[in-house]
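Here is a walk through the charged pairs of one protein chain. Keep the model open and follow each pair as it comes up.

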Amino acid sequence: MLAMALAACGKGGDQQGGPGGPGGQKGQVTVVTLKPETITLTRELPGRTSASLIAEVRPQVNGIVEKRLFTEGGLVRAGQPLYQLDDKTYAADLETARATLARGEAALNSARLNARRSSDLVKIDAVSKQDDETAVATLKQSQADVSSGRAAVQSASVILGRARITSPINGRIGKSAVTQGALVTANQAEPLAVVQQLDPVHVDISQSSAELLALRKQIAAGTLTEATTPVTILLEDGSKYALEGKLAFSEVTVDEGTGSFLLRVVVPNPDNILMPGMYVRALVGTGVRQNALLVPQQGISRDPKGAATAMVVNAKGQVEPREVQVSQAIGDKWLVEGGLKAGDKVIVEGLQKIGPGMPVDATEKGAAPAKPAAAPAAPKQ
């Protein structure tokens, strides 16, 4: 009797089942209807920061350092004194040059008077023509001596001024390589200090030449148009830098070792958050695509071979598997390259309860749930 009862229950369960699930009911799924949109494609590239201007401070004359006139690590202005060298010898040379100039100017005045008198006397044959020519030559020589003296004064003044070493640019100065009393020489190999301009900073990033060729082909084919969007900088901890950068230029030569080329981004840095040598990542716009299709990542599954598949609801309201091609992730979505078209309803929720060919009731993601139908009124007695 127990066996007969179990068999009867089994037959009853078979009669209640249906193609759509227990009791013939349809599966409930949530879908996203694909719509064409305009998107800007970006590429995340690694890079290093560097100062926009770097000046290595070196002496141009020999001397002993008398004073250091700046605070290490502080901000300096162009022309601000940094070091004072012992300049007594150069000051004496300048005074000597000035004395030589004064003597030359005095000789010039005397030669000018002699030439003027000789010019008047030669007209009345009071002096010979040869004496007159000698006076004129002496005048010209005195003029040359004065010009040479003035040049010597200017040269000595320049040398004296170089004993006071100044900053060539605005920026932040690092540590000093010398202290008071150190002997420095003209154009020595080791800089006394380094001044760097940190606002703005440069971010040097590398991009594959193969990617550049592919991008140019897509632009030539009309699939993409060039992007002019700002560059977003991501810091080492993954946070986004507050200010956006601008692509300045791209290098014209590809590195033979890496197969990549340099891109330089100029980024404002008023608070000195970005320091030279920091590792950052840059989100660079590579192109703008019109009529692009984006599918949520949860709607795409992959087989063991890596092929991408999506489940869509076809015109008959049934589940239909599709092989799709996706290229890159944009946020939480994949960019569709093939296999799907605008208007397709991709299933994103309820995938565990369905199979190919199964009829389903689809609800658009984000839409308000449908209200249940009212129960029919009871017939009047």
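**Salt bridges, pair by pair**

The structure holds 10 salt bridges. Keep in mind that this is a predicted model. Three of the pairs are taken up here in turn.

Begin with E56 and R58. These two residues form a salt bridge, and their closest N and O atoms lie 2.9 Å apart. Are the partners buried or exposed? Neither label fits, because partly exposed covers the range between under 20% and over 50% relative accessible area. E56 has a relative accessible area of 45%, so E56 is partly exposed. R58 comes out at 29%, so R58 is partly exposed too.

Now turn to the helices. The side chains of R150 and E105 meet in a salt bridge, with 4.0 Å from N to O. The distance still counts, because the cut-off for a salt bridge is within 4 Å. Which parts of the chain does this pair link? R150 sits in helix α3, residues 129-162, and E105 sits in helix α2, residues 88-123. The two residues are 45 residues apart, and the pair links distant parts of the chain. E105 is partly exposed, at 32% relative accessibility.

The third pair is D344 with R322. Their side chains meet in a salt bridge, at 3.0 Å from N to O. This pair also links distant parts of the chain, with the two positions 22 residues apart in the numbering. D344 lies in the loop between β19 (333-338) and β20 (345-349). R322 belongs to strand β18, residues 319-330. Are these partners buried or exposed? D344 has a relative accessible area of 8%, so D344 is buried. R322 is buried as well, because its value of 17% falls under the 20% limit.

The pair does not stand alone. Salt bridges that share partners join E320, R322, K341 and D344 into one network.

Stay with D344 for a closer look. What does this loop residue touch? Leaving aside residues up to four places away in sequence, D344 touches V32, T33, L34 and R322. R322 is thus on the contact list and is also the salt-bridge partner. The side chains of D344 and R322 make a polar contact as well, at 3.0 Å.

To recap, E56 and R58 are a salt-bridged pair with partly exposed partners. R150 and E105 connect helix α3 with helix α2. D344 and R322 are buried and belong to a network with E320 and K341.

Note on methods. Residues numbered from 1 in each chain as written. Predicted model: local features only at pLDDT ≥ 70, side-chain atom pairs only at ≥ 80, totals over all residues. Heavy atoms only, no water. Buried < 20%, exposed > 50% of the residue type's maximum accessible area, 1.4 Å probe, protein only. Helix = DSSP H or I, 4+ residues; strand = E, 2+ residues; numbered from the N terminus. Polar contact = N/O pair within 3.5 Å; in protein donor to acceptor, adjacent residues only side chain to side chain. Contact = heavy atoms within 4.5 Å.
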